[in-house]
Amino acid sequence: MGLTAVEAALTGTALGSLATFSSAWYIQRATSRREHESRVWERRRGVYDEAVIVMHRIGHLRDEVEESGRFPEREPGDPDPLGDMPALVARMDIYGTDELLEACERVSEALDGWNTAWGAWRTQRETNPRRSASDPRWVRFLDCVRVSREAESRVIGLLRADVHVEPPPGWWKVRERHAWRRRRGIGN
């Protein structure tokens, strides 16, 4: 028993509409996923931009404190690098990688460390604060500064590595790379 012309037409129409629906659904899903990834990347890029700016502000502040032995005067409305760090870590928790979040937390800890060490040096009561290798509190401050620099350079390196990801080679490059095998009759 074969299909009649009407049954064949209905079957063909049903299969055609199923194929059309499936391809439309697949395309819409892929487009939505791509748009979502694009939005997330734009937000991540904004957080990364802010992270680089905050790292540089902290570095400039730290260098000025190290050179002069005191915190610089801030005008009202000037950015506060010490206050920017907790908000940056919170945003990095949402948009950054786990490794980058951990590195930002280390920067925050190092920032607290050199700030506390500077406070201990500045408020010492036994002697006047001296910026010299003979003052153990100043030496402690310099050690914390070194740790802070290392932590900041790690964050900057991770940010650069995440932003400047090298794309995988295209299929033509893979073919070129394995062309010597074909010439010598090795492998595929």
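Two residues are in contact here when their heavy atoms lie within 4.5 Å. The structure is a predicted model, and under that contact criterion Ser108 touches Met85 and Val89, with residues up to four places away in sequence not counted. Ser108 has its place in helix H3, and because its relative accessibility is 19%, while buried means under 20%, this serine counts as buried.

Helix H3, which spans residues 98-122, also supplies the largest share of a patch of negative charge, contributing 4 residues. The patch lies on the surface and gathers Asp93, Asp98, Glu105, Glu109 and Asp112. Of these, Asp112 lies in helix H3, and its relative accessibility of 46% is why Asp112 counts as partly exposed.

A nonpolar patch is also found on the surface, with an area of about 730 Å², and it is made by Leu15, Leu18, Phe21, Trp25, Tyr26 and Ile27. Trp25, one of these residues, is found in helix H1, which covers residues 5-68. Trp25 counts as partly exposed because its relative accessibility is 49%.

The table below sets out the accessibility of the three residues discussed.

| Residue | Relative accessibility | Class |
|---|---|---|
| Ser108 | 19% relative accessibility | Ser108: buried |
| Asp112 | 46% relative accessibility | Asp112: partly exposed |
| Trp25 | 49% relative accessibility | Trp25: partly exposed |

Helix H3 thus holds the buried Ser108 as well as the partly exposed Asp112, whereas the partly exposed Trp25 is found in helix H1.

How values were computed:
Residues are numbered from 1 along each chain as its sequence is written. This is a predicted model: local features need pLDDT of at least 70, side-chain atom pairs count only at pLDDT 80 or more; totals for chains, interfaces and linings use all residues. Side-chain values use heavy atoms; hydrogens and water are left out. Patches are made of residues with over 30% relative accessible area and no salt bridge: like charges are joined within 9 Å, nonpolar side chains (Val, Leu, Ile, Met, Phe, Trp, Tyr) within 5 Å. Accessible areas come from the Shrake-Rupley method with a 1.4 Å probe; for residues, only the protein chains shown count as cover. A salt bridge is a side-chain nitrogen of Lys or Arg within 4 Å of a carboxyl oxygen of Asp or Glu. Lys and Arg count as positive and Asp and Glu as negative; His and the chain ends are not counted. The place of a charge is taken as NZ of Lys, CZ of Arg, CG of Asp or CD of Glu. Helices (H or I, at least four residues) and strands (E, at least two) are DSSP runs, numbered from the N terminus. Buried means under 20% relative accessible area, exposed over 50%, partly exposed in between (1.4 Å probe, protein chains only).
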